[in-house]
Number of protein chains: 2
Amino acid sequence: MNELQDPAQRDLHGSGAVTFSMRSEYGVRFMVALTRMDHGEPVSLTDIADQEDLPRAYLEQIIGGLRDAGLIDSQRGAHGGYRLARPASEVRMGEVVRALEGPIVPMACLAAAGSPCNRADNCTVSQLWSRVRDSVNEALDSFTLADLAKPGSPVALSSSTKH
Amino acid sequence: MNELQDPAQRDLHGSGAVTFSMRSEYGVRFMVALTRMDHGEPVSLTDIADQEDLPRAYLEQIIGGLRDAGLIDSQRGAHGGYRLARPASEVRMGEVVRALEGPIVPMACLAAAGSPCNRADNCTVSQLWSRVRDSVNEALDSFTLADLAKPGSPVALSSSTKH
DNA sequence: TCAATTCCGACAAAATGCGTCAGAAATCCC
DNA sequence: GGGATTTCTGACGCATTTTGTCGGAATTGA
């Protein structure tokens, strides 16, 4: 069922800097699958979990963030399920990932909004992490949900220029 | 000694997506400090740990990666210590961070070099993570060690003058 | 009423991060 | 040679986070 994380990359001390967790992987795949399967009636979680082979109970828990962020609408009860709250072409993937993981903060240094590092004066290092943060957000926002939902065919960027 | 990670950002389920670990924070600060303190003779770990207020024993362990990557030279014994192996202006921060953390892999999906996701056909999602990976590497490589080592003076480059 | 479905909180196992510690090996100075 | 200094290495421990599972409550349609 889960043959991910097979130990095939013992590089240095572990596995390398894995930026995002399974939470994002599952949540993004959920959104893409929902986009593809949404034809008017709500799509049930079980259908999506089966389709994408994701752990249903865990997914249930993950999705809360997407609902709270207003990215999906839910309907309870028989024949209930989920729908996209907005057209897929108007949903940036940055919104999705941030709804799942919280704000992108490459280094704890940047977490406290006001003072970077409490070492403000000579801490030029925070500029490095700031730029990484901005880059990640830009990269994520350069995709829309619609970009990922159309199968095959390398994604033709809808908004971003290139890289 | 450690007043980092004060719980000041209870956004969603935890702390947000913290991309890099203390390992990188400490390692990068070590490199910057070394650059500033390197005046010919090797600089001892204790001097740098004191200067930057880093846990010495942990730093010792972290630095191994930098040495193995050929970024610093070490000399053992009395009056030993570390030196930069190359001029600071020729060291990209991407090299430093990758030496510390291993390869930048935003999602486990991309770890196994050959097949993305073992779901190759309809997995357009991997394109998202690929672009994030490339963006992070580019952002890191856009700084040299020399950029960060010169104090004060915001680094001359584009688009980082917010808030 | 019954079945389907989302919603919610508690729980648990495993992985990871962060750091300490003790000691071995190398090097310099007297 | 001997002692002081310093890097190097592996083992260990603790706390937190991640990755789920489970049971049941609330809601809705038939």
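Select Ala139(B) and its contacts. Leaving aside residues up to four places away in sequence, Ala139(B) touches Arg131(A), Val132(A) and Ser135(A). This is a predicted model, so keep confidence colouring at hand.

Stay on Ala139(B). It sits in helix 5 of chain B, residues 125-141. Is Ala139(B) buried or exposed? Ala139(B) is buried, because 23 other C-beta atoms lie within 10 Å and the cut-off for buried is 20 or more. Now add Gly94(B). Its C-alpha atom is 8.0 Å from that of Ala139(B), although the two residues are 45 apart along the chain.

**Helix 4 of chain B**

Select residues 93-101 of chain B. This is helix 4, and eight of its nine residues are buried, so the helix is largely enclosed by the rest of the structure. Label the buried ones: Met93(B), Glu95(B), Val96(B), Val97(B), Arg98(B), Ala99(B), Leu100(B) and Glu101(B). Step past the end of the helix to Gly102(B). Gly102(B) has a positive phi, near 90°.

**Chain A as a whole**

Switch to chain A and colour by secondary structure. Count six helices and four strands. From start to end of the sequence, the order is β-α-α-α-β-β-α-β-α-α. Chain A has 163 residues, and 38% are buried. Turn on a contact map if you have one. Of the contacts in chain A with a separation of 6 or more, 58% join residues 24 or more positions apart.

**Helix 1 of chain A**

Zoom in on helix 1 of chain A. Its 16 residues reach 22 Å from first C-alpha to last, close to the 22 Å expected at 1.5 Å a residue. Of these residues, 12 are buried, so helix 1 of chain A is largely enclosed by the rest of the structure. The buried set includes Ser24(A), Glu25(A), Val28(A), Arg29(A), Met31(A), Val32(A), Ala33(A) and Leu34(A).

Bring in helix 3 of chain A. How do the two helices cross? The axes of helix 1 and helix 3 of chain A come within 10 Å and cross at roughly 75°. That makes helix 1 of chain A roughly perpendicular to helix 3 of chain A. Show the side chains at the contact. From helix 1 of chain A come Arg23(A), Tyr26(A), Gly27(A) and Phe30(A); they meet Leu59(A), Ile62(A), Ile63(A) and Leu66(A) of helix 3 of chain A. By class, this contact has six nonpolar residues, one polar and one charged.

**DNA strand C**

Select DNA strand C and the 29 residues around it. Nearest are Ser74(A), Ser21(B), Met22(B), Pro55(B) and Gly77(B). Which elements supply at least two residues each to this surface? In chain A they are helix 2 (45-52), helix 3 (56-68) and strand 3 (81-84); in chain B they are helix 1 (22-37) and helix 3 (56-68). Helix 3 of chain A gives the most, with four residues. Colour the surface near DNA strand C by class: eight nonpolar, 16 polar and five charged.

**DNA strand D**

Finish at DNA strand D, with 30 residues around it. Ser21(A), Met22(A), Gly77(A), Leu45(B) and Ser74(B) come nearest. Two or more residues each come from helix 1 (22-37) and helix 3 of chain A, and from helix 2 (45-52), helix 3 and strand 3 (81-84) of chain B. Which element gives the most to the surface near DNA strand D? Helix 3 of chain B does, with five residues. The class split near DNA strand D is nine nonpolar, 16 polar and five charged.

Definitions and conventions
Residues are numbered from 1 along each chain as its sequence is written. Chains are lettered from A and ligands numbered from 1 in the order in which they are written. This is a predicted model: local features need pLDDT of at least 70, side-chain atom pairs count only at pLDDT 80 or more; totals for chains, interfaces and linings use all residues. A residue is near a molecule or strand if its C-beta atom, placed from the backbone, lies within 6 Å of it. Ala, Val, Leu, Ile, Met, Phe, Trp, Tyr, Cys and Pro count as nonpolar, Asp, Glu, Lys and Arg as charged, and the others, Gly among them, as polar. Two residues are in contact if their C-beta atoms, placed from the backbone, lie within 7 Å. Axes are lines fitted to C-alpha atoms, for helices over the stretch in contact, and angles run from 0 to 180 degrees between N-to-C directions. Angles under 35 degrees count as roughly parallel, over 145 as roughly antiparallel, 65 to 115 as roughly perpendicular and the rest as oblique. The expected span of a helix is 1.5 Å times one less than its number of residues.
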